[in-house]
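Colleague: I am new to reading structures, and I would like to go through one slowly with you. Could you show me how to look at it, feature by feature?

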Number of protein chains: 2
Amino acid sequence: MADYAKTKRTTLKRAHERGSYDRDTVHAILDEALNCHVAFIHDGAPAIIPTAHWRDGETFYIHGSSASRMIRALEGGAPACIEVTMTDGLVLARSGYHSSVNYRTVVIYATGRKITDEAEKLASLKAFMEKIAPGRWDELRAPNAQEMKATTVLAFELSEVSAKIRDGGVEDEPEDMNDPVWAGVVPVRRTFGTPEPDAQLRGDIGLPGYLKNYTGPG
Amino acid sequence: MADYAKTKRTTLKRAHERGSYDRDTVHAILDEALNCHVAFIHDGAPAIIPTAHWRDGETFYIHGSSASRMIRALEGGAPACIEVTMTDGLVLARSGYHSSVNYRTVVIYATGRKITDEAEKLASLKAFMEKIAPGRWDELRAPNAQEMKATTVLAFELSEVSAKIRDGGVEDEPEDMNDPVWAGVVPVRRTFGTPEPDAQLRGDIGLPGYLKNYTGPG
């Protein structure tokens, strides 16, 4: 498919070489990250909330308590700006000025749509669980009516979207190259520890396959 | 010191037990995280940018290119909402509804102040480097006038601030406890890989002490 079309506010003004409008690039960042950061305007002031997210095709999803301030604002049509970032490295250059961070960021401008169709809502919640733990959804009891009512799912179309990526090594001034200081990159990684079973877990239940050597989504 | 005073917008409406206004709790989250998420209003719409941050006492700092859209908006007095989140675990409950994430989040409402005093600005940039790599600042050449001019540092007073923390294990419905599904927590960690020296690093420069067994700030 064609890249996301640039708009005025998704066009990078500086460091253009770090920008990407490629769908696969954007999707990969969204799919690997566990959570996003949702900005919206509340009572005339900026507000921001971190929350889990997932994606299906060109639709981006978040969910939350139907009573939450963010959900109520966004289901009412307040425009959102949503950001997802993975931090990949500390770039220690030979000067403070050129020191940097390696990262992959996606920014989405969109207005949410509350999913009202129960089947669509259930399918989206399944897609969320499939992102985190493939196969687990079918092991769980189905959500009951009260739980479905207490949960709102919001869908955002991926249209006004851009990625920004900084990778690679240090980029120093030529005159700094002989400075007597270490320079390079310290990788930053998201890792997962050994799953910790609930103290009340039934004795006959072992670790499911989807949690063996778990490396997370994406 | 006393806790941060609650305001209408920092008072949690739901899950009150997860809220904290304790300064040490807030400081520890800010100090451990490498980056924050800054929301502001731009051309009447919400905007959000991830950026590195640091703290000194009750002052929170970000910096950026003096030409950046965010810096220009915020130095002009646009109110900001800043969020910092560390993700600590995937909480896999016996139902989708009670599945959750362990996290530590801080939200700050504040208006930025551009640091115009050169000595204050230099001290703040040193504090940033000290957060990431203690001792490294004194190994680097000083920033030159052009670099100082190209960099804007914004300070935000920590006053309207709250933390929200979810930790611990699964909290299931009593009637779900015997369900035949694994339940527990998968720890999520930020880790650092082996530092990767620049290909052009001087042969006589070894890994500095502050990067040996590096575990990051905080």
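**Reading a pair of chains**

Modeller: Chain A has 4 helices and 11 strands, where helices (H or I, at least four residues) and strands (E, at least two) are DSSP runs, numbered from the N terminus. This is a predicted model, in which local features need pLDDT of at least 70 and side-chain atom pairs count only at pLDDT 80 or more, while totals for chains, interfaces and linings use all residues. Residues are numbered from 1 along each chain as its sequence is written, and chains are lettered from A and ligands numbered from 1 in the order in which they are written.

Colleague: What does the C-alpha trace of chain A span along its principal axes?

Modeller: The span is about 65 × 50 × 35 Å. Of the 218 residues in chain A, 35% are buried, a residue being buried if 20 or more other C-beta atoms lie within 10 Å of its own, exposed if 12 or fewer, and partly exposed in between, with C-beta atoms placed from the backbone.

Colleague: How are the two chains related to each other?

Modeller: In general, two copies of a chain are related by a rotation about an axis and a shift along it. Here a turn of 180 degrees and a shift of 0.0 Å along the axis lay chain B on chain A with an RMSD of 0.0 Å, the superposition being by least squares on the C-alpha atoms of residues with pLDDT of at least 70 in both. That is the relation of a two-fold axis. The same surface serves both copies, as 99% of the contact residues of chain B recur in chain A. Within chain B, the residue whose C-alpha comes closest to the rotation axis is Arg190(B), at 2.5 Å.

Colleague: How many residues does the contact take from each chain?

Modeller: It takes 74 residues from chain B and 73 residues from chain A, where two residues are in contact if their C-beta atoms, placed from the backbone, lie within 7 Å. Strand E10 (184–192) of chain B is one of the elements that give two or more residues to the side touching chain A, and E10(B) gives the most, with 9 residues. Strand E11 (residues 196–197) of chain A is joined to E10(B) by 2 bridges, and these strands run antiparallel; two strands pair if DSSP finds at least two bridges between them. In E10(B), Gly184(B) is the bridge partner of Pro197(A).

Colleague: Which residues touch the most other members of the largest nonpolar core?

Modeller: In soluble globular proteins, nonpolar side chains tend to be buried together. A nonpolar core is a set of buried Ala, Val, Leu, Ile, Met, Phe, Trp, Tyr and Cys residues joined through C-beta atoms within 7 Å. The largest one has 102 residues, and those touching the most other members are Val38(A), Ala39(A), Val38(B) and Ala39(B). Leaving aside residues up to four places away in sequence, Ala39(B) touches residues including Ala39(A), Pro46(A), Pro46(B) and Cys81(B).

Colleague: Which residues are buried in helix H1 (residues 23–32) of chain A?

Modeller: Val26(A), Ile29(A) and Leu30(A) are buried there. They lie on the same side of H1(A), because they cover an arc of only 95 degrees around the axis, the arc being that of the directions from the helix axis to the C-beta atoms. The buried residues of H1(A) pack against several strands of chain A, among them strand E4 (59–65) and strand E9 (160–166).
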